[in-house]
Every structure is written in C-alpha cells, then in structure tokens.
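Trainee: Please take one part of this model and look at it closely with me. I would like the strands, what packs on them, and what ties their ends to the rest.

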Amino acid sequence: MKVALVSEWLDPWRGGAETSTLQFLHHLMDAGVEVHVITRSRPAPTPGLSVHSVGGASMSRVRNSMTFAHRVAGILRGGAFDVVHAAAV
C-alpha cells in the first residue's frame, strides 16, 4: 500500500499535531506501508520514508499556504497513492 501523508509543517519541536503525525507515520512504516510525506518542513532522514519537501517563500503566510496546496496537488496527481491523509495543523 502506498500512502501520502500531507502536513504543511512536520517539525517535532512544534509538539501537538506534529508529534502525533510523526508517531502515526512511524506506525504505518512499521506495518510495512510505503509512506510518502509531503511537507514544507525538512524532517530528519528516516530509512524507508520518502519526503517530498515543498518550498515556497513569500512575504505572505496565506500565499505560502496557497502555494503549498497547489504544489501538493501536483505531487498527488502524479503519485498513484492508495490513500491520502491530510493532517490539519
């Protein structure tokens, strides 16, 4: 199974939802699931985890989020994922 996990931010120091999302993706990987993370963060390299870092620098937070969403849509269209999970943070 190929799963895309979308979270704009995935930095453990942020705590809360980011920590839960990281725990969730590790449980998926332990179960043998092919996990692809799509994020603006740069998580530490983890064997077996595919990270798609989506950048975008703008002066506006709204514009950054819109750019992120647009780029994520492109990745998802070309990824042939079985499941897409978007973590609301």
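Mentor: Start with burial: 36% of the 89 residues of the protein chain count as buried. Keep in mind that this is a predicted model. Now the contacts. Take those in the protein chain with a separation of 6 or more: residues 24 or more positions apart account for 58% of them. The secondary structure comes to 2 helices and 4 strands. Read along the sequence, these elements follow the pattern β-α-β-β-α-β.

Next, the sheet itself. Its 4 strands are parallel and stand in the order β3-β2-β1-β4. The sheet is open. Its edge strands are β3 (49-53) and β4, and each of them pairs on one side only. On average, neighbouring strands are turned by 20° against each other, direction ignored.

Follow β2 and its partners. Strand β1 (residues 2-6) runs parallel to strand β2 (residues 34-39), and 5 bridges join them. Two of the pairs can be named. Ala 4 of the one strand has His 36 in β2 as its bridge partner. Leu 5 has Val 37 in β2. With β3, strand β2 also pairs in the parallel sense, over 5 bridges. There Val 37 stands opposite Val 51 in β3. Put the two pairings together: Val 37 has Leu 5 as a bridge partner and faces Val 51 as well. How many residues of β2 are buried? The count is 5 of 6, and the strand is mostly covered.

What packs here? The largest nonpolar core has 11 residues. Val 3 and Leu 5 belong to this core, and Val 35 and Val 37 do too. Leu 10, Leu 22, Leu 25, Leu 28, Met 29, Val 33 and Leu 49 complete the set. β1, α1 and β2 each supply at least two residues of this core. Which element gives the most? α1 does, with 4 residues. Leu 28 shows the packing at the level of one residue. Leaving out residues up to four places away in sequence, Leu 28 touches Val 3, Val 33 and Val 35. Apart from this core lies another, of 7 residues. Its members include Val 6, Ile 38, Val 54 and Phe 81. Val 37 sits in the largest core, whereas Ile 38 belongs to the other one.

Move on to the loops. The count of salt bridges comes to 1. Its partners are Glu 8 and Arg 40, whose side chains meet at 2.7 Å, N to O. Glu 8 lies in the loop between β1 and α1 (16-30) and Arg 40 in the loop between β2 and β3, so the pair ties together parts that are 32 residues apart in sequence. Are these two residues buried or exposed? Glu 8 has a relative accessibility of 18%, so this residue counts as buried. Arg 40 has a relative accessible area of 18%, so this residue is buried too. The cut-off for buried is under 20%.

Ser 53 deserves its own look. This residue lies in strand β3, one of the edge strands. Its relative accessible area is 35%, so Ser 53 is partly exposed. Which residues does Ser 53 touch, leaving aside neighbours within four places in sequence? They are Thr 39, Ser 41 and Arg 42. Two of these contacts can be described in polar terms. The side chains of Ser 53 and Arg 42 are joined by a polar contact of 3.1 Å. A polar atom of the Ser 53 side chain lies 3.5 Å from the backbone oxygen of Ser 41. In another direction along the sequence, Val 72 is 19 residues from Ser 53, and their C-alpha atoms are 9.7 Å apart.

Finish at the other edge. Ala 80 lies in the loop between α2 (61-79) and β4 (83-86). What is the phi of this residue near? It is near 50°, a positive value in a residue other than glycine. The relative accessibility of Ala 80 is 66%, so Ala 80 counts as exposed. Compare Phe 81, which is among the residues of the 7-residue core.

Key: Residues numbered from 1 in each chain as written. Predicted model: local features only at pLDDT ≥ 70, side-chain atom pairs only at ≥ 80, totals over all residues. Heavy atoms only, no water. Buried < 20%, exposed > 50% of the residue type's maximum accessible area, 1.4 Å probe, protein only. Pairing = 2+ DSSP bridges. Axes fitted to C-alpha atoms, helices over the stretch in contact; angles between N-to-C directions. Contact = heavy atoms within 4.5 Å. Polar contact = N/O pair within 3.5 Å; in protein donor to acceptor, adjacent residues only side chain to side chain. Salt bridge = Lys/Arg side-chain N within 4 Å of Asp/Glu carboxyl O. Core = buried A, V, L, I, M, F, W, Y, C linked by side-chain atoms within 4.5 Å.
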